[in-house]
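Hello,

Here is the structure I promised to pass on to you. Have a look at it, and then read on for what I found.

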Amino acid sequence: MDALHIAVNGVAHDLEEVDARTTLLDLLRERLHLTGSKKGCDHGQCGACTVLVNGRRINACLSLALTHEGDAVTTIEGLAVDEALHPVQAAFVEHDGFQCGYCTPGQICSAIGMLDEARHGQPSYIGSDAGHVELDAAEIRERMSGNLCRCGAYVNIVAAIRAVARQEAES
Amino acid sequence: MNPFAYERAGDAAQAVAAMVADPGAMFLGGGTNLVDHMRLGVATPERLIDVTRLPFDRVEETPDGGVRIGANVRNSDLAAHPLIRAHYPALSQALLSGASGQLRNMATTAGNLLQRTRCVYFQNVDTPCNKRRPGSGCSAVGGYTRYHAILGASEHCIAVHPSDMAVAMVALDATVVVLGPSDERHIPLVDFHRLPGDEPDRDTVLRHGELITAVALPALPLAAHSLYRKVRDRRSFAFALVSVAAALQVRDGAVADVRIAFGGVAHKPWRARRAEETLRGQPATPEQFARAADAELSSAQPQPGNAFKVKMLRNTLVATLQELAGVAA
């Protein structure tokens, strides 16, 4: 049993007796009772567990908690500021980017990470290597392929993310 | 998951010493494959030595004009690195064709090399598998073989290596830098992964205790003109049915130099030397590209469920070389 110091949504946690087998996802859900991050496949294939670690999106189900000593984690619970939704959250509401909602926290965290990657010029397999990233529907689908939606709400998910990307491009 | 001890390595020598001291220990990188295998019962380490905080996180130009990639560089960072995109575009493309955005943010360079086959029988502890339990038999032979090997397999194992990154690196003459208990050694990547033979449980030539610290790419001017083309059952986030990494230099209509490797078709990234030899000095034409593919694939031994891969790979190689040569069919 090991100790773990980790910040989650801006709150520092000094945890004792963390079993080495605990994944980051289980730590968030079972220990810190932040059940927004979802367990779908538990194999890194569905993306429902996506959270941001030091600003980068990862699958929390494939990451052992103890490897995150000193890290800053952001989950779906940490995105809104008081009553104001994060722009990606607001866009999902506006464009009806979900049906059952189970994949939504992962979709939203993944989209935030993805938008940041695009902002920094991260290339994609289908994109041209021109430096500037144009987030059209095909690019969004490629970059979001690690997040599955069993309800098939993809059309509206893409629309929501595209709207945020457009807002950013115009501002 | 079986209980295990967890420790974070302070430096590379300490990591190697801790590994040597415990035959049941394994190194932990990004964990995207190992943690999954621990959950499935495919891997049951008694100790994990976390090496992700060792200072091997840089991509650096070397004095000879090559590039040294630290073992801990994440797949997404490597794919985006300006040196890789400018001088070894096939490697950037291969990385971006693999896994998902989240997984690429986690997966390390060394871990990518050491990931294990996605053969469904290997990953299911309830079925016999010579790779997982030596001597228990191969469930894939006579089974579901759509994703299995057509080159270099044995009666003991027909699994394929799943990496995209390693295919591009093999084509581009990469070397693996390995730190052991007594010395450092440099292993050409093409010799790093093994063919299955009668020891399919051994994926690589790495010995217990040896730690990958870097992958070195040589200065290779033709690599600036390279491509990675991947064919799969869905457009994104899927393993290759077949893939081709190639670099081509054409002078006066003839092939001056060429590098080719195949993915998704063998127990290791498959360097297509016979195809390369068939091309050097010959006209850069679709007919010659097809001859080169046929020369390499003459030794193919497909399974009933994957005979389509021979033609698919032939066509993929021809299309890739045509694109590189800028010639129409």
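Let me start with one helix pair. In helix 2 of chain A, Pro87(A), Val88(A), Ala91(A), Phe92(A) and Glu94(A) meet Ala160(A), Ala163(A), Val164(A) and Gln167(A) of helix 5 of chain A. Sorted by class, the residues of this contact are seven nonpolar, one polar and one charged. Please keep in mind that this is a predicted model.

As for the geometry, the axes of helix 2 and helix 5 (residues 154-170) of chain A cross at roughly 130° and come within 8 Å. The two helices of chain A, 2 and 5, are therefore oblique to each other, and their crossing is right-handed.

Helix 2 of chain A (residues 87-94) also packs with helix 3 of chain A (residues 104-119), at an angle of about 130° and with the axes 9 Å apart. That makes helix 2 of chain A oblique to helix 3 of chain A, and this crossing is right-handed. Here Val88(A), Gln89(A) and Phe92(A) of helix 2 meet Thr104(A), Ile108(A), Ala111(A) and Ile112(A) of helix 3. Five residues of this contact are nonpolar, two are polar and none is charged.

Now for the two chains: how many residues of chain A are in contact with chain B? There are 28, and they touch 27 residues of chain B. On the side of chain A, strand 4 (56-59), helix 3 and helix 4 (137-143) each give two or more residues. Strand 4 of chain A provides the largest share, four residues. By class, this side of chain A has eight nonpolar, twelve polar and eight charged residues.

Enjoy exploring it!

Best wishes

Terms used
Residues are numbered from 1 along each chain as its sequence is written. Chains are lettered from A and ligands numbered from 1 in the order in which they are written. This is a predicted model: local features need pLDDT of at least 70, side-chain atom pairs count only at pLDDT 80 or more; totals for chains, interfaces and linings use all residues. Axes are lines fitted to C-alpha atoms, for helices over the stretch in contact, and angles run from 0 to 180 degrees between N-to-C directions. Angles under 35 degrees count as roughly parallel, over 145 as roughly antiparallel, 65 to 115 as roughly perpendicular and the rest as oblique. A crossing is left-handed if the near helix is turned anticlockwise from the far one by less than a right angle, and right-handed if clockwise. Two residues are in contact if their C-beta atoms, placed from the backbone, lie within 7 Å. Ala, Val, Leu, Ile, Met, Phe, Trp, Tyr, Cys and Pro count as nonpolar, Asp, Glu, Lys and Arg as charged, and the others, Gly among them, as polar.
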